[in-house]
Amino acid sequence: MFEHRHNNSSVILTSQIALQGWYDIIGEKTTADTILNRLIHQSHRLELIGESMRKKRGISKQYYLGILPI
């Protein structure tokens, strides 16, 4: 997917994993460098700081899993 969209279209990627944590998840350093280079090159990173909105608003895990309506 990223290969076809690279320099042609936008991609929005969200993650709760810190950038350095991706190396541990992917495992192979060269592969991780290649993937992260594609994702980060010409990107805009927004790092959110603060308490989870789910905690602040008291929205339950069941809502996010689609079990309960608001």
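Biologist: Where is Leu 48 found?

Modeller: This is a predicted model, and places in the chain are named by its helices. For Leu 48, the place is a loop, and the helices on either side are named with it. Leu 48 sits in the loop between α3 and α4.

Biologist: Is Leu 48 buried or exposed?

Modeller: A residue counts as exposed when its relative accessible area is over 50%. Leu 48 has a relative accessible area of 80%. Leu 48 is therefore exposed.

Biologist: How many Å lie between Leu 48 and Gln 16 in space, C-alpha to C-alpha?

Modeller: Along the sequence, Leu 48 and Gln 16 are 32 residues apart. In space, the distance from C-alpha to C-alpha is 9.8 Å.

Biologist: What pattern does the protein chain follow along the sequence?

Modeller: The protein chain has 5 helices and 0 strands. Read along the sequence, the pattern is therefore written with helix symbols alone. That gives α-α-α-α-α.

Biologist: Which residue forms a salt bridge with Asp 33?

Modeller: A salt bridge needs a side-chain nitrogen of Lys or Arg within 4 Å of a carboxyl oxygen of Asp or Glu. Here the closest N and O atoms are 3.1 Å apart, and the count for the model comes to 1 salt bridge. The partner of Asp 33 is Lys 29.

Biologist: Which helix holds both Asp 33 and Lys 29?

Modeller: The two residues are 4 residues apart, which is about one turn of the helix. Both lie in α3.

Biologist: Which class of accessibility does Asp 33 fall into?

Modeller: Its salt-bridge partner, Lys 29, is exposed, with a relative accessible area of 53%. Asp 33 has a relative accessibility of 31%. Values between 20% and 50% fall in the middle class, so Asp 33 counts as partly exposed.

Biologist: What percentage of the 70 residues of the protein chain count as buried?

Modeller: Buried means under 20% relative accessible area. The accessible surface of the protein chain comes to about 6800 Å², of which 53% belongs to carbon and sulfur atoms. The share of residues that count as buried is 6%.

Biologist: Which element gives the most to the lining of the largest pocket?

Modeller: The largest pocket has a volume of about 1400 Å³ and is lined by 34 residues, with Leu 13 and Arg 45 among those nearest its centre. The elements that give two or more residues to this lining are α1, α3 and α4. With 4 residues, the element that gives the most is α3.

Note on methods
Residues are numbered from 1 along each chain as its sequence is written. Side-chain values use heavy atoms; hydrogens and water are left out. On a 1 Å grid over the protein atoms alone, a cavity is a set of points where a 1.4 Å probe fits but cannot get out, and a pocket is an open set with protein on both sides within 12 Å along at least five of seven lines; lining residues have an atom within 4 Å of a point. Grid points are joined across faces, edges and corners, and a volume is the space filled by probe spheres set on the points. Buried means under 20% relative accessible area, exposed over 50%, partly exposed in between (1.4 Å probe, protein chains only). Accessible areas come from the Shrake-Rupley method with a 1.4 Å probe; for residues, only the protein chains shown count as cover.
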